[in-house]
Amino acid sequence: HIAPDEIARDAAALLRWVEKENISILESVPSLMRGMLSDPEVPHVLPELRWVLPTGEALAPELARHWFTRFPSIPLLNAYGPAECADDVALWRLDSAPPVEQLHLPIGLPAVNMRLHVLNESLQAQPALATGELYIAGVGVGRVIWVIRYAPPKASCPIRLDHQFPVSTVAAIWCAEAKRAY
């Protein structure tokens, strides 16, 4: 199902629609999720909803905590994908609220047929916990974007660069657990 525009823009109406239509997976931007949680008219029980995929904006840990306070049995799948890609390129599963001291949520691990690399200005791979630019490779990256905007010198990069390898616009940190944060 795709929610009609007038419903998709109204947080309370969207969750009522999810309940009425027995939707099991909902993809939403975090700002709309915030509206869902702040509106007293939204349903408090969504028996068929099995997953929510926050995407399109950074998911704040505080919002994830608020979600799990309201809907503790509905997990989140944080999805990340820059505009240069066909869809989400990284996913991070949350089954419970993140710790209060956590300031950022990971963008996650690469989706199927995608690769994530954190490289420095010389296109060298960064060690764990170092900062750098997030490079994305795989079938979901647009070829035209690569050719026009992001063609780095191939000879200087130790990681295989092909026509599907643009740089993301976010700074990235290569985390020790092989997940990425931004």
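**Figure 1. The whole fold, with its five helices and nine strands.** Helices here are DSSP runs of H or I with at least four residues, strands are E runs of at least two, and both are numbered from the N terminus. Going along the sequence, the order is α-α-β-α-β-α-β-β-β-β-β-α-β-β. This is a predicted model, where local features need pLDDT of at least 70 and side-chain atom pairs count only at pLDDT 80 or more, while totals for chains, interfaces and linings use all residues. Residues are numbered from 1 along each chain as its sequence is written, and side-chain values use heavy atoms, with hydrogens and water left out. Of the 182 residues, 48% are buried; buried means under 20% relative accessible area, exposed means over 50%, and partly exposed is in between (1.4 Å probe, protein chains only). The accessible surface is about 9700 Å², and carbon and sulfur atoms own 56% of that; areas come from the Shrake-Rupley method with a 1.4 Å probe, and for residues only the protein chains shown count as cover. Take the contacts with a separation of 6 or more, and 61% of them join residues 24 or more positions apart. A contact means heavy atoms within 4.5 Å.

**Figure 2. A close-up of the largest nonpolar core, 29 residues in total.** A nonpolar core is a set of buried Ala, Val, Leu, Ile, Met, Phe, Trp, Tyr and Cys residues joined through side-chain atoms within 4.5 Å. The residues with the most contacts inside this one are Leu14, Leu15, Leu26, Val52, Trp67 and Leu76. Helices 2, 3 and 4 each chip in at least two residues, and helix 2 gives the most, with seven. Apart from this core lies another one of twelve residues, including Val89, Ala90, Met114 and Leu134. In soluble globular proteins, nonpolar side chains tend to be buried together. Look around Leu76 and you'll find plenty of company: leaving aside residues up to four places away in sequence, its contacts include Met33, Trp51, Val52, Trp67, Phe68 and Trp92.

**Figure 3. Helix 2 (11-20), tucked into the rest of the structure.** Seven of its ten residues are buried, so helix 2 is largely enclosed. The buried ones are Ala11, Ala12, Ala13, Leu14, Leu15, Trp17 and Val18. Their cover includes helix 1, strand 1 and helix 3. At the start of helix 2, a side-chain oxygen of Asp10 comes to within 3.1 Å of the backbone nitrogen of Ala12. That pair fits the definition of a polar contact: N or O atoms within 3.5 Å, where within protein one must be able to donate a hydrogen and the other to accept it, and residues adjacent in sequence count only if both atoms are side-chain atoms. After helix 2 comes Asn22, with a positive phi near 55°.

**Figure 4. Helix 3 (residues 30-38) and its buried residues.** These are Pro30, Leu32, Met33, Met36 and Leu37. They span an arc of only 155° around the axis, so they sit on the same side of helix 3; the arc is that of the directions from the helix axis to the C-beta atoms. Among the elements covering them are helix 1 (5-8), strand 1 (25-28), strand 2 (51-54) and helix 4 (61-70). Zoom in on Met36, and you see a residue that is buried at 0% relative accessible area. Beyond residues up to four places away in sequence, Met36 touches Ala11, Leu14, Leu15, Leu26, Ser28, Val42 and Arg70. The C-alpha atoms of Met36 and Asp10 are 8.4 Å apart, though 26 residues separate the two along the chain.

**Figure 5. The one aromatic pair that a search of the whole structure turns up.** The rings of Trp67 and Phe71 have centres 4.6 Å apart and planes at 40°, so the pair is tilted. Rings of Phe, Tyr and Trp (its six-membered ring) pair if their centres lie within 6.5 Å, with planes under 30 degrees apart called stacked, over 60 edge-to-face and the rest tilted. Both partners are out of sight: Trp67 is buried at 0% relative accessibility, and Phe71 is buried at 3%.

**Figure 6. Two loop residues with positive phi, Asn113 and Leu123.** Most residues other than glycine have a negative phi. Asn113, not a glycine, has a phi of about 65°, and lies in the loop between strand 5 (106-110) and strand 6 (114-119). Leu123 has a phi of about 60°, and belongs to the loop between strand 6 and strand 7 (131-138). Asn113 is exposed at 54% relative accessible area, whereas Leu123 is buried at 4%.
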